[in-house]
Amino acid sequence: MSCVGCQDGVGFEVPITMAFQPIVNVETERVFAYEALVRGQDGQGAADILSQISADNRYAFDQLCRKTAIELAATLDLATGGANLSINFLPNAVYEPRACIRVTLAAALQTGFPLNRIIFEFTEGEEIDTNHILNILRCYRAMGFKTAIDDFGAGYAGLGLLSKFQPDIVKLDMALIRDIDTDRAKRTIVHHTLAMLREFNIEPVCEGIETAGEYDALRDLGVSLMQGYLLAKPAVAALPSVSSVRSLIQLARSA
């Protein structure tokens, strides 16, 4: 796959920072990973920043996000407690995975951030060439990075990609999680999806948990790794504290 933006594109001129949101193991009450979410340095949300990506600056944006996430994570001692750093990447910004990884490797080397603590996740909401993303994922795995599919169940990749490559982690789309405690169809879909992922030895993550009812339904389904406002909101250039999960759930039930 060629990448015009890499060869003769322009830089991404909007200053950015990262907000970090934890993925929590609710059984151990420890943070499994922090996802780095792009934000503008002047307070712009992700949607405003993402709206300024073009074919010409996509490569520069992708590289800037990786570098910024790693440098901030190192400054915040993110990996000290054993947590991973989850970085979103744009498959269509990667023209050749081994060439496009140089900025990532340089940032990790300069900051001392451990490579085996980095998860590369992509959303299946972006239409991509399957062979291209398979090449990226296999290359990243060979380098020792963890891989993840985000928003599973809502986009283009789905089961077809999963049949050809099994990532370390699959994050179930929040649309499947919303109101799962009262929606029998969603519970059935998630139940069977979890069974499939476990058979593949893939770690499932459920994102977008906002209510104690959703939390209880997912715990009944055996989910351990969760992400959502119920547990912690993203914090800009900081690692949000994760209080006792049990206390948070009790507080949500009494609200």
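**Exercise 1. Cysteines**

Task: Classify Cys100 as buried or exposed, then find how many disulfides the predicted model holds.

Solution.
- Start with Cys100. Its relative accessibility is 0%. Buried means under 20%, so Cys100 counts as buried.
- Turn to Cys65. Its relative accessible area is 8%. Cys65 is therefore buried as well.
- Now test for a bond. A disulfide needs two cysteine sulfur atoms within 2.5 Å.
- For Cys65, the nearest cysteine sulfur belongs to Cys100, and it is 14 Å away. Cys65 is in no disulfide.
- The count for the model is zero disulfides.

**Exercise 2. The overall fold**

Task: State what secondary structure the protein has, and compare its radius of gyration with that of a compact globule.

Solution.
- Count the elements. There are ten helices and nine strands.
- Take the extent next. The C-alpha trace spans about 55 × 40 × 30 Å along its principal axes.
- Apply the globule rule. For 255 residues, a compact globule would have a radius of gyration near 18 Å. The protein has 18 Å, so the two agree.
- Check burial. Of the 255 residues, 48% are buried.
- Check the contacts. Among those with a separation of 6 or more, 71% join residues 24 or more positions apart.

**Exercise 3. Two packed helices**

Task: Describe how α9 and α10 pack, and say which residues make the contact.

Solution.
- Two numbers are needed. Packed helices are described by the angle between their axes and the distance between those axes.
- Locate the helices. Helix α9 covers residues 212-220, and helix α10 covers residues 245-254.
- Read the geometry. The angle is about 130°, and the axes are 9 Å apart.
- Classify the angle. Over 145 degrees would be roughly antiparallel, and 65 to 115 roughly perpendicular. The value fits neither class, so α9 and α10 are oblique to each other.
- List the partners. Helix α9 contributes Ala212, Tyr215 and Asp216. Helix α10 contributes Val245, Ile249, Ala252 and Arg253.
- Sort them by type. Five are nonpolar, none is polar and two are charged.

**Exercise 4. Arg246 and the β1-β2 loop**

Task: Find which residues Arg246 touches beyond its sequence neighbours, and describe the setting of Glu29.

Solution.
- Place Arg246. This residue is in helix α10.
- Assess its surface. With a relative accessible area of 52%, Arg246 is above the 50% cut-off and is therefore exposed.
- Look past four places in sequence. Arg246 touches Glu27 and Glu29.
- Compare sequence and space. Arg246 and Glu27 are 219 residues apart in sequence, while their C-alpha atoms are 9.8 Å apart.
- Now take Glu29. It is found in the loop between β1 and β2. At 24% relative accessibility, Glu29 counts as partly exposed.
- Check its backbone. Glu29 has a positive phi of about 60°, although it is not a glycine.

**Exercise 5. Thr17 and Ala237**

Task: Decide whether Thr17 is buried or exposed, and say where its contact Ala237 is found.

Solution.
- Place Thr17. It lies in strand β1, residues 16-25.
- Assess burial. Thr17 has a relative accessible area of 11%, so it is buried.
- List its contacts beyond four places in sequence. They include Leu37, Val38, Arg39, Gly40 and Gln41. Thr68, Leu72, Val236 and Ala237 are also in contact with Thr17.
- Follow Ala237. It is found in the loop between β9 and α10. Its relative accessible area is 32%, so Ala237 is partly exposed.
- Check the backbone there. Ala237 is not a glycine, yet its phi is positive, about 55°.

**Exercise 6. Leu172 and Asn57**

Task: Name the element that holds Leu172, list its contacts, and locate Asn57.

Solution.
- Place Leu172. It lies in strand β6, residues 169-172.
- Assess burial. Its relative accessible area is 0%, so Leu172 is buried.
- List contacts, leaving aside neighbours within four places. Leu172 is in contact with Phe152, Ile177, Val190, Thr193, Leu197, Val205, Cys206 and Glu207.
- Relate it to Arg246. The two residues are 74 apart along the chain, and their C-alpha atoms are separated by 23 Å.
- Now locate Asn57. It sits in the loop between α2 and α3.
- Assess burial again. Asn57 has a relative accessible area of 9% and is therefore buried.
- Add one distance. Asn57 and Ala93 are 36 residues apart along the chain, with C-alpha atoms 9.1 Å apart.

Conventions: Residues numbered from 1 in each chain as written. Predicted model: local features only at pLDDT ≥ 70, side-chain atom pairs only at ≥ 80, totals over all residues. Heavy atoms only, no water. Axes fitted to C-alpha atoms, helices over the stretch in contact; angles between N-to-C directions. Helix = DSSP H or I, 4+ residues; strand = E, 2+ residues; numbered from the N terminus. Parallel < 35°, antiparallel > 145°, perpendicular 65-115°, else oblique. Contact = heavy atoms within 4.5 Å. Nonpolar A, V, L, I, M, F, W, Y, C, P; charged D, E, K, R; others polar. Buried < 20%, exposed > 50% of the residue type's maximum accessible area, 1.4 Å probe, protein only. Rg over C-alpha atoms; globule rule 2.2 N^0.38 Å.
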